[in-house]
Amino acid sequence: LILFGEHAVVYGRHALAAPVPLAMKATAAEADSGMQLLIPQWNISEYYAYDAEPRHSLQRTLRLILERLGLEQRGVSIRVEAGVPRAMGLGGSAALAVAVIRALDMRFELGLDDQAVDALAFEAEQIAHGRASGLDNAVATYGRPILFRRGEPPAVREVLVAEDTEMVVGLTGREGLTAKMVARVAAAREASWSAYERIFDEIDTLTLHGCDALERADFAELGRLMNLCHGLLNAIGVSTHDLERLVEVARDHGALGAKLTGAGGGGAMVALAPDNADAIERAMRAAGYRAFRVTLPRAEHNEESA
Ligand code: MEV
């Protein structure tokens, strides 16, 4: 769940994101030959001969992962229980890559550390997204709220959430194709360079202030900054009618802030709702959308020092 900095993060600005507690669970087993992939919740049940030309990005991703792990000569069968909806702006492809890498690591006792998992998931994300910043795979790997800046290696620091922070996620039900949205923003930035650069700088400032607000549990300020960020994302053309509607419903029902999350063009939005998450979730459902509550838990570090 990206709270601040989507798109700007592709161009070297900070982003702040947190994991959603929707598990992506993968198990790997040895098979006779080739690669078998089963993801019942995404209606994926496929077998690929290893030497066949990859038909789509999922197959290319799997092949890359097996090659990098030195497993291309082994037959593998992977089953994934996907708690994350596909193409809904919630980093499903990165979560999938991390889960598959970890399942292979366990099954074949490869001894990968987090950094190795993250680096390989990043390579896999490049196939899915082209210009991926590395944010989604970092959140999926480390499983904690992070302030992120791309680089080699990326700068990642844990955000120490001061208090349990209640959010509601609304799903538009329309696929937001990240690669397409990222490419569209790239083209617009080429055409209107300085205007886009100024917007990305502004988003960077909002992200850093948002991080500070989250670490002080200043929800009023956090909400205002989220609203500003949404306005800038709308300005760069990644919002949609459904996202605007969900944002409006959330604000009308008392959300302190609401913004699209992820690449936009469909996908998901997030509302900050410390006092009225139930009412907001109900209102989103009444408006015809799927919605669910997410709590960003207070950081363990803060619990220890309390
Ligand atoms: C997609 O989850 C987030 C974007 O910023 C792309 C990226 O960071 O790779 C839109």
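With its 306 residues, the protein chain has a radius of gyration of 19 Å, which agrees with the value near 19 Å for a compact globule, so the chain fits that picture. (That radius is taken over C-alpha atoms, and the globule rule is 2.2 Å times the number of residues to the power 0.38.) Keep in mind that this is a predicted model, where local features need pLDDT of at least 70, side-chain atom pairs count only at pLDDT 80 or more, and totals for chains, interfaces and linings use all residues. Residues are numbered from 1 along each chain as its sequence is written, and side-chain values use heavy atoms, with hydrogens and water left out.

Along the principal axes, the C-alpha atoms fill a box of roughly 55 × 50 × 40 Å. The chain has 10 helices and 12 strands (DSSP runs: H or I of at least four residues for helices, E of at least two for strands).

Now for the ligand. Around it you'll find I2, E6, H7, V9, V10, A132, S133, D136, T178, V182 and A263, each with a heavy atom within 4 Å of it. This shell divides into 6 nonpolar, 3 polar and 2 charged residues, with Ala, Val, Leu, Ile, Met, Phe, Trp, Tyr, Cys and Pro counted as nonpolar, Asp, Glu, Lys and Arg as charged, and the others, Gly among them, as polar.

Here are some polar contacts (pairs of N or O atoms within 3.5 Å) made by ligand oxygen atoms:

| Residue | Partner atom | Distance |
|---|---|---|
| H7 | polar backbone atom | 2.9 Å |
| S133 | side-chain N or O | 2.6 Å |
| D136 | side-chain N or O | 2.8 Å |

Taken alone, the ligand exposes 300 Å², and the protein buries 96% of that (Shrake-Rupley method, 1.4 Å probe).

Notes:
Polar contact = N/O pair within 3.5 Å; in protein donor to acceptor, adjacent residues only side chain to side chain.
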